[in-house]
Amino acid sequence: MGVNFMRSMQVRSKPNELSGGFSKIVGILAVIFAMSAVGISFVLLYDSNESMTAETTNVKEFVVTAENWSFNPYLITVNKGDRVILKITSVEGTHSFWVPAKNIREKLNQGRQVVIEFTADARGEFIFKCGIICGTGHNNMKGAIVIQ
Ligand SMILES: [Cu+2]
């Protein structure tokens with residue numbers, strides 16, 4: 001009887017060992033998960049801090065082309081406070097990029113990129129247009145910078 005009892009204990013102890021091993025794995029996984037969760041939250045915290053500081057120094061870059069007789073894109077939308085970089089190239093003819101309200105006026109020679117940089121300091125819609133009489137469609141060469 002005693003031997004049988006021991007055997008049954010041994011038999012019983014086997015699944016216990018197995019489940020013990022299993023719970024060890026679960027434990028290790030839980031630790032790994034917890035550590036990675038802490039790591040992820042650190043990353044999130046770091047990221048949110050970064051985006052918080054970036055709100056005042058957000059850089060918005062646009063590649064703009066001018067041709068006969070349009071700008072592409074003709075609508076440039078940014079947020080107030082953004083640092084705006086416009087990389088403008090005429091791909092056809094000689095034009096200019098003129099923002100009367102912002103005192104910006106740059107000649108666009110074909111194939112030569114002009115970089116205009118400014119801070120969007122006031123909300124509004126600022127019309128830009130070609131400032132060089134460039135042909136029959138000259139008056140159509142306009143667009144807007146929307147600062148919201
Ligand atoms: Cu023009």
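The legends below describe close-up views of one predicted model.

**View 1. The whole chain, with its confidence.**
The chain is made up of 1 helix and 9 strands. Along the sequence the helix comes before the strands, in the pattern α-β-β-β-β-β-β-β-β-β. Of its 148 residues, 14% count as buried. Among contacts between residues at least 6 apart in sequence, 61% join residues at least 24 apart. The mean pLDDT of the chain is 79, and 62% of the residues reach 70 or more. Residues 1-11 have a pLDDT below 50, and beyond near neighbours in sequence this stretch has 0 contacts in the model. Residues 40-54 also have pLDDT under 50, with 0 contacts beyond four places in sequence. Where pLDDT is low, the predicted coordinates should not be read in detail.

**View 2. The open sheet of strands 2, 1, 4 and 7.**
This open sheet has 4 strands in the order 2-1-4-7, and its pairing is mixed. Strand 2 (70-72) and strand 7 (114-119) stand at the edges; each has a single partner strand, so one side of each is left without a neighbour in the sheet. Direction ignored, neighbouring strands of this sheet are turned by 25 degrees against each other on average. Strands of a sheet pair through backbone hydrogen bonds, either parallel or antiparallel. Strand 4 (residues 83-90) and strand 7 run antiparallel and are joined by 6 bridges. Within this pair, L86 stands opposite I116 of strand 7.

**View 3. Strand 5 and its two sets of side chains.**
Strand 5 covers residues 95-99, and 5 of its 5 residues are buried. In a regular strand the side chains alternate between the two faces of the sheet. Which residues of strand 5 point one way, and which the other way? H95, F97 and V99 point one way, while S96 and W98 point the other way. Residues on both sides are buried.

**View 4. The hairpin of strand 5 and strand 6.**
Strand 6 (residues 104-108) runs antiparallel to strand 5, and 5 bridges join the two. One pair across the hairpin is W98 with its bridge partner R105 in strand 6. There are 4 residues between the strands. N103 lies in this loop. Its phi is near 60 degrees, a positive value in a residue other than glycine. Most residues other than glycine have a negative phi, and most peptide bonds are trans. Is N103 buried or exposed? N103 counts as exposed because it has 8 C-beta neighbours inside 10 Å, and the exposed class takes in residues with 12 or fewer.

**View 5. I104 and its contacts.**
I104 lies in strand 6. I104 is partly exposed because 18 other C-beta atoms lie within 10 Å, whereas a buried residue needs 20 or more. Leaving aside neighbours within four places in sequence, I104 is in contact with F97, W98 and V99, and also with I116. F118 is 14 residues from I104 along the chain, and their C-alpha atoms are separated by 9.5 Å.

**View 6. The largest nonpolar core.**
This core has 15 residues. Those with the most contacts inside it are I88, F97, W98 and F128. Which elements give two or more residues to the core? They are strand 1 (59-67), strand 4, strand 5 and strand 9 (142-147). Strand 5 gives the most, with 3 residues. I88 can be followed outward from this core: leaving aside neighbours within four places in sequence, I88 is in contact with V64, A66, F97, L108, Q113, V114 and I116.

**View 7. Two cis peptide bonds, at N68-W69 and N72-P73.**
The peptide bond joining N68 and W69 is cis, with omega about -5 degrees. W69 is found in the loop between strand 1 and strand 2. A cis peptide bond also joins N72 and P73, with omega about 0 degrees. P73 lies in the loop between strand 2 and strand 3 (75-78).

**View 8. G124 and Q148.**
G124 lies in strand 8 (residues 124-129). G124 counts as exposed because it has 12 C-beta neighbours inside 10 Å. Q148 is 24 residues from G124 along the chain. The C-alpha atoms of the two residues are separated by 6.6 Å.

Notes:
Residues are numbered from 1 along each chain as its sequence is written. This is a predicted model: local features need pLDDT of at least 70, side-chain atom pairs count only at pLDDT 80 or more; totals for chains, interfaces and linings use all residues. Two strands pair if DSSP finds at least two bridges between them. pLDDT is the predictor's confidence in each residue, from 0 to 100. Two residues are in contact if their C-beta atoms, placed from the backbone, lie within 7 Å. Axes are lines fitted to C-alpha atoms, for helices over the stretch in contact, and angles run from 0 to 180 degrees between N-to-C directions. A nonpolar core is a set of buried Ala, Val, Leu, Ile, Met, Phe, Trp, Tyr and Cys residues joined through C-beta atoms within 7 Å.
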